[in-house]
Amino acid sequence: MSHRAPAPGTAMTFSRAGRSGLALPRLSFGLWQNFGQVAAFSAQRELVLHAFERGITHFDLANNYGPPPGAAEASFGRLLSGDLRRHRDELLISTKAGYRMGPGPYGEGGSRKYLLSSLDASLRRLGVDHVDVFYSHRFDPTTPLDETVGALATAVSSGRAAYAAISSYSAERTIEALAVADDLGLPLVLHQPSYSMLNRWIESPGPDGRSLLDVAGDSGTGVIVFSPLAQGLLSDKYLDGVPAGSRAARGASLRPEHLAPENLARIRALRDVADGRGEPLARTAIAWAGRDPRVTSVLVGARTTAQLDDSLAALDTAPFTADELAAIDAVTTDVAPDGTRRPLDTGVNIWAARSSDL
């Protein structure tokens with residue numbers, strides 16, 4: 001592959017993950033839903049190489065991404081053995097384990113057996129000897145955190161991962177995981193939660209009054225947020241019905257109840273804010289998700305290079321004015337009894353019951 005220079009005005013900027021030395025592009029590329037057997041390999045190749053040519057160096061995977069599970073890692077491994085072979089050291093590759101990957105008691109969760117055997121399988125599919133970041137994909141209440149975090153420490157000490165991280169842990173569980181990691185001398189460099197204008201749970205105060213963003217900021221942990229478009233809701237394509245072939249039409253991660261009238265009214269109000277900024281709603285949503293200085297990077301997905309380019313354009317948008325932020329807050333938060341604003345529960349956080357609520 002020829003590594004072409006980024007287009008004018010779209011040079012990538014990088015931010016450090018908390019207090020670590022690890023730098024992430026402000027926009028990262030997630031291979032959650034559009035890789036594997038759902039799309040031709042040629043289309044996947046075009047997307048990944050286009051992302052790299054536009055300055056995206058971080059590619060985020062998990063053992064169960066596809067479909068079927070494992071397929072996204074296998075596809076990316078094929079690219080690593082070909083077009084991207086000489087660029088391996090320029091790339092930041094992450095993967096995860098925690099959600100259901102296989103049958104039986106060792107096919108999901110936070111046990112040492114599952115996490116390390118899954119990581120070994122991921123390395124085989126990717127065709128590499130290590131990944132740059134390995135995540136515990138979710139908090140597992142059936143496994144002691146000492147064991148889960150201890151497995152992450154082994155992944156790093158054995159050379160199978162350069163860094164360890166967690167995903168979708170609540171503020172309370174993050175505090176607990178950080179304490180265990182500190183005892184082991186293991187930095188947890190990143191936390192990867194879902195976050196969007198319709199899913200602001202990481203701003204909600206935990207038991208000690210601090211939100212997940214507060215905990216990350218206080219501990220020097222980087223935050224890389226995923227699903228900034230709320231599974232496509234904030235692309236505004238659902239305001240006039242459900243398009244054929246969309247996530248809602250497929251019954252995938254976007255569910256019919258997410259299209260409730262009150263959510264559609266919120267999306268219309270948010271589109272008005274985007275219209276006032278002179279940009280598409282999706283671009284506004286991505287820029288908003290990355291506005292907080294504690295957010296290191298925003299993870300986006302794409303089905304086409306045009307979609308990816310539009311996401312990249314969010315890096316060049318104007319800063320939000322106080323009036324714009326207030327207009328967004330007016331439809332996505334509510335006033336709590338103590339007078340502060342708290343995020344509304346719009347039902348969009350589909351991962352909550354399996355991790356962040358535990």
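In this predicted model, Gly127 adopts a positive phi of about 75 degrees just after helix 3. Helix 3 itself covers residues 112-126. Its 15 residues, at 1.5 Å a residue, should span 21 Å. The end C-alpha atoms of helix 3 are 21 Å apart, so expected and modelled spans agree.

Helix 3 has a set of buried residues: Tyr114, Leu115, Leu116, Ser118, Leu119, Ala121, Ser122, Leu123 and Leu126. These buried residues pack against two helices, helix 2 (71-80) and helix 4 (145-157). They also pack against strand 5 (92-97) and strand 6 (131-136).

Ser194 was examined next. It is located in the loop between strand 8 (188-192) and helix 6 (212-219). Its relative accessible area is 1%. The cut-off for burial is under 20%, so Ser194 counts as buried. Two polar contacts involve the Ser194 side chain. One, of 2.9 Å, reaches the side chain of Asn199. The other, of 3.1 Å, reaches the side chain of Trp201. With neighbours within four places in sequence left aside, Ser194 is in contact with Asn199, Trp201, Ile202, Phe226, Asn349 and Trp351.

Trp201 and Asn349, both contacts of Ser194, also line the second largest pocket. This pocket holds about 310 Å³ of space. Its lining comprises 22 residues. Trp201, Ser204, Asn349, Ser356 and Asp357 lie nearest the pocket centre. By class, the lining has 10 nonpolar, 8 polar and 4 charged residues.

Terms used
Residues numbered from 1 in each chain as written. Predicted model: local features only at pLDDT ≥ 70, side-chain atom pairs only at ≥ 80, totals over all residues. Heavy atoms only, no water. 1 Å grid on protein atoms, 1.4 Å probe; cavity = no way out; pocket = protein on both sides within 12 Å on 5 of 7 lines; lining within 4 Å. Points joined across faces, edges and corners; volume = space filled by probe spheres on them. Nonpolar A, V, L, I, M, F, W, Y, C, P; charged D, E, K, R; others polar. Helix = DSSP H or I, 4+ residues; strand = E, 2+ residues; numbered from the N terminus. Buried < 20%, exposed > 50% of the residue type's maximum accessible area, 1.4 Å probe, protein only. Polar contact = N/O pair within 3.5 Å; in protein donor to acceptor, adjacent residues only side chain to side chain. Contact = heavy atoms within 4.5 Å. Expected span 1.5 Å × (residues − 1).
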